[in-house]
Amino acid sequence: MRRKLEEHPTVRQHLAKQPPSGTSRETALDSAWLRKLCLEAGADDVGFVAVDRPELDGQRHEIRELLPDARLLISFVCRMNREPVRAAARSVANAEF
């Protein structure tokens, strides 16, 4: 599976932008700027949580599997229309999700 992922054009493009080994990729992000970016992209609310928080102990293995270098997670919330979610037809509710 990993080999197929590394062959994807978007992944290739991302890997091509990687700095040479031995150099640091770490760049500090301004949380206010990142929050504003998420809100401008359509989120109704945004939150940040450190991956090493004890509350994430049960999920940390999966997080590290998918995002091994992540130190912070972004949670964003988008409002949903209530009526489609309350609809008896599951297809209507699923489309809203």
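## A guided tour of the model

Welcome! The structure holds zero disulfides. Keep that in mind as you select residues, and remember throughout that this is a predicted model.

**Stop 1: the two cysteines.** Select Cys38 and Cys78 and look at their sulfur atoms. Why is there no bond here? The sulfur of Cys38 lies 9.7 Å from that of Cys78, its closest cysteine sulfur, and this is too far for a bond. Seen from the other side, Cys78 is in no disulfide either, with the sulfur of Cys38 as its nearest cysteine sulfur. Their surroundings are worth a look as well. Cys38 counts as buried because its relative accessibility is 14%, and the cut-off for buried is under 20%. Cys78 has a relative accessibility of 42% and counts as partly exposed.

**Stop 2: the whole chain.** Now zoom out and switch to a cartoon view. You should find six helices and two strands. Following the chain along its sequence, the pattern reads α-α-α-β-α-β-α-α. Of the 97 residues, 9% count as buried. The chain exposes about 8,700 Å², and carbon and sulfur atoms supply 54% of that area. For contacts with a separation of 6 or more, 35% come from residues 24 or more positions apart.

**Stop 3: colour by confidence.** Colour the chain by pLDDT next. The mean for the chain is 81, and 76% of its residues reach 70 or more. Where is confidence highest, and where is it lowest? Strand 1 has the highest value, a mean of 94, while helix 6 (residues 90-96) has the lowest, a mean of 64. Where pLDDT is low, the predicted coordinates should not be read in detail.

**Stop 4: Leu56 and its neighbours.** Select Leu56, in the loop between strand 1 (45-50) and helix 4 (60-66). Is this residue buried or exposed? Leu56 counts as buried, because its relative accessibility of 12% falls under the 20% cut-off. To see what surrounds it, show the side chains of Val49, Ala50, Val51, Ile63 and Leu73: Leu56 touches each of these, leaving aside residues up to four places away in sequence.

**Stop 5: Asp52, in that loop.** Stay between strand 1 and helix 4 and pick Asp52. Asp52 has a relative accessible area of 61%, so it is exposed. Then add Leu72 to the selection and draw a distance between the C-alpha atoms. Asp52 and Leu72 are 20 residues apart in sequence, and their C-alpha atoms are 8.4 Å apart in space.

**Stop 6: a nonpolar patch.** Turn on the surface and select Phe48, Leu72, Ile74 and Phe76. Together they make a nonpolar surface patch of about 360 Å². Which element gives the largest share of this patch? Strand 2 (residues 72-77) does, with three residues. Phe48 is found in strand 1, and with 31% relative accessibility it counts as partly exposed.

**Stop 7: charged pairs.** Side chains of opposite charge can pair when their charged atoms come close. In this model the count comes to five salt bridges, and three of them make good viewing.

- Select Arg35 and Asp45. These residues form a salt bridge, with their closest N and O atoms 3.5 Å apart. Arg35 lies in helix 3 (residues 31-40) and Asp45 in strand 1, so the pair ties together parts that are ten residues apart in sequence. Arg35 is partly exposed, at 31% relative accessible area, and Asp45 is partly exposed too, at 39%.
- Select Lys36 and Glu40. Their side chains meet in a salt bridge with an N to O distance of 3.8 Å. Both residues lie in helix 3, four residues apart, which is about one turn of the helix. Glu40 counts as exposed, with a relative accessibility of 57%.
- Select Arg53 and Glu55. The closest N and O atoms of this salt bridge are 3.1 Å apart. Arg53 is partly exposed, at 39% relative accessible area, whereas Glu55 is exposed, at 57%.

**Last look.** Return to the full view and pick out a few of the sites again: Leu56, buried in its loop, the nonpolar patch that includes Phe48, and the salt bridge that links Arg35 with Asp45.

Methods. Residues are numbered from 1 along each chain as its sequence is written. This is a predicted model: local features need pLDDT of at least 70, side-chain atom pairs count only at pLDDT 80 or more; totals for chains, interfaces and linings use all residues. Side-chain values use heavy atoms; hydrogens and water are left out. Buried means under 20% relative accessible area, exposed over 50%, partly exposed in between (1.4 Å probe, protein chains only). Contact means heavy atoms within 4.5 Å. Accessible areas come from the Shrake-Rupley method with a 1.4 Å probe; for residues, only the protein chains shown count as cover. Patches are made of residues with over 30% relative accessible area and no salt bridge: like charges are joined within 9 Å, nonpolar side chains (Val, Leu, Ile, Met, Phe, Trp, Tyr) within 5 Å. A salt bridge is a side-chain nitrogen of Lys or Arg within 4 Å of a carboxyl oxygen of Asp or Glu. A disulfide is a pair of cysteine sulfur atoms within 2.5 Å. pLDDT is the predictor's confidence in each residue, from 0 to 100.
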